[in-house]
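Me: Please work through the strands, helices and buried positions of this model with me, one question at a time.

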Amino acid sequence: MSELDEQVPEVPLDWYFKYILPPLPDGINTEMIVNSLKQSKVIKNNKWVGIPKEPRLDKRHEDKVYAGLENVFEEIIAAAKTEKPDLEQQFALKLTPEKNVTSERDSNTKPDAHFTTLEEAARLGRDGGKPSVYNVWDSHEFKKNNEGVNDTMNACVSQIVYDMQQIMALDPCRRFTFGTSINNRAFRLWFCCRGAFLTAEPFDFIKEPEKLVHVFLSFAFASQTDAGWDPSMTCILPTCPTEKRQYKIQVGDKTYVTVKVLSDYAADSPIGRATRVWLVTDEADPSNRQYVLKDVWVDSERATEDEIRSALLIDIEEKCGGDARALVENHLLTPVAFEKLCINTSTDDTAGVIMRGGSVPKNLPHLRLVVPQQSGMSTRSRISTQENAVDTVLSEKRARYIQYGDTARIGPRVTSRFHYRIVFLECAKTMYDEKHLGNVLGALADVIEALRWIHESNWVHRDISGGNVYWYDCKAAGVEGGNRGLLGDVEFAKVRIPSSIHEVRTGTFNFMASEVIAGHYLFPPASTLHSVDDLTHFLMTNSDVLPPFTFNPLHDMESVWWILVYLLYFNDDKQNVADAELATARTQQALKLFAHNGQILNREMFLKNFRQLTLEGTCLSPSFKFIINIVRAFAAKLYSAYCESEAKISVIDEGAFQIHEIIVTALRLARDHPKVKSIKLVGVTRPLKRKLDEAESGRDSDASSNKKPRTNA
């Protein structure tokens, strides 16, 4: 919930009904249905017969108190069908307060009630089993006390937020979801899509029965699409308990079948880009060739990845020639299908389709969220897809509590995003997964060679990481061609504008250049006032003012350097694993560099003090001695290029950016060295990962495939 600045906008109830709640079936009149319920004594003395007392005055447990809602729901449906017999009910309300929801991944979510399909409701009623998260929507949480009681409100809201987060994280078929919290008589509706998380003003479900009727009928007769499911994705149910769920996913006129998940960590955040990546096959291709499919929610003002890739290659050809384009194209992932997803005939986006074009009102009250430790929630390690590979992890999922009555009048935090899919030809190993050190160095060299022409054409990538640099083994993939390094995720690549200001910072923290993290230049000289002439020039021209900070090619190059540093710290030589003393020293150094709450200064000084990058200074495995020399040489070249480019202070010298050729030569020299070619990597032991767990204090939610959380601030 960090994307919300720990606040949830509270929209007017009538706005929620108009733009968020599934539309009522045609011909339904809630006032007539309420009158019918009064005549049939379902509503008696202005109270629901199923809820005979005000909940906070009822001495029974809350589960018993609110159990009557299921009967209330059924009576409302019966009354609606009496008024309009042709109505086709799609969903039912089920109360299962004592049962955990089941899923393929551990989850402790246990909603007091939820809406589910009629088939699932019949099963639950028949065998009393546990509900499945893949059929749950509009989770309900009940508390007998009023909203004004902070502890009660906090407990209720922390549960409903967690329920909704779990649904969005665990079910790839879900575009959005709903929630309901009831505190005594206050019925509060919630909503979450990949662009917004909001709540509506509560209403008194006892005094205002027509509103409860409206809500229940909207949910009961909603279509699958209006309930939040993705019509372009269907689940292939497992035939036995040990099998994983598979999905059929449409991209354009093709249907792909998932083989396994490659990355879905980014979807853990309820809002954000929610990138999911699968290994897939083309349903119509009898050869069963494997592809990689990426599903993501893209900010509406941005171009799609295929559009950016195409524009980049055209620019390279125009500025650098056809040979340069061919080289870069050979080291980029190749798209074979892509599409902006549609609902009916409109692009599926959070604002225009999901929120039905409703502009969130300004100056809304915001409920502030606090972030206490929440015990009992599922943990999830962000490890690589290969055994023993280690990646930084989230220590736990955290729920936010609402501090009732603590509101702020600020603008709503709502982001418009569209749903996009792209399928790539190459199924390659990320740098996290590649275990031959020589291949790692070869991949980095190939990527830098491609970056040479990308930078020459005045573009920058801006998000190079261990998760989007690949080693493509053609023989293993069963295709012709030479093995090579590949660069992916070009959706944040852009034409560099040196004079731009207020540039959005993007990247993956562990691989971001030190200057990009800091947001300003770090290498200018202390002073340029060496003479009276210098002083006169400064006073007359103010030439000692730094230019606006912008992303430049050296920042991409530093990201490649950090990949190599990261891999050396998170791997051992399989034939020569570090002893306990060395492993402990290495852990302490890794914590300084890669723990997300660590001092950024440590990363800056690690680069600047390149002379200390020795076997003893780094605490790395003795097997990496030759590679450490390459790391030091790479750092020295980066450092000198930074200093040269920033020497004039008032202008950045772009001539200093051309360091690609010497770095490529060094990496290929190391790749071919006998002491390197024989090294196979193995992930470092669990203690380091646990220490990084403990050091982590929070994450940016948005992440690209197979990599650490993205910073986009």
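The questions and replies below move from the sheets to the helices and then to a single residue.

Reply: This is a predicted model, in which local features need pLDDT of at least 70, side-chain atom pairs count only at pLDDT 80 or more, and totals for chains, interfaces and linings use all residues. Residues are numbered from 1 along each chain as its sequence is written, and side-chain values use heavy atoms, with hydrogens and water left out.

Me: Which strands stand at the edges of the open sheet of seven strands?
Reply: Strands are DSSP runs (E, at least two residues) and helices are DSSP runs (H or I, at least four), numbered from the N terminus; two strands pair if DSSP finds at least two bridges between them. The order in this sheet is 11-12-13-14-15-21-16, with antiparallel pairing. Each edge strand has a single partner strand, so one side of it is left without a neighbour in the sheet; these are strand 11 (233-236) and strand 16 (335-340).

Me: What is the bridge partner of methionine 233 in strand 12?
Reply: Strand 11 pairs with strand 12 (residues 246-251) in the antiparallel sense over four bridges. Within strand 12, the residue bridged to methionine 233 is isoleucine 249.

Me: Which strand of the open sheet in the order 22-24-25 holds the bridge partner of lysine 429?
Reply: The three strands of this sheet pair in the antiparallel sense, and strand 22 (429-430) and strand 25 (484-487) are its edge strands, each pairing on one side only. Strand 22 is joined to residues 469-472 over two bridges. Lysine 429 has tryptophan 471 as its bridge partner, in strand 24.

Me: How many Å apart are the end C-alpha atoms of helix 16?
Reply: The expected span of a helix is 1.5 Å times one less than its number of residues. Helix 16 (residues 580-594) has 15 residues and should therefore span 21 Å. The separation of its end C-alpha atoms agrees with this, at 20 Å.

Me: Is isoleucine 454 buried or exposed?
Reply: Isoleucine 454 lies in helix 11 (residues 437-456). Leaving aside neighbours within four places in sequence, isoleucine 454 is in contact (heavy atoms within 4.5 Å) with Leu312, Ile316, Val328, Trp459 and Leu487. Buried means under 20% relative accessible area, exposed over 50%, and partly exposed in between (1.4 Å probe, protein chains only). With a relative accessible area of 3%, isoleucine 454 is buried.
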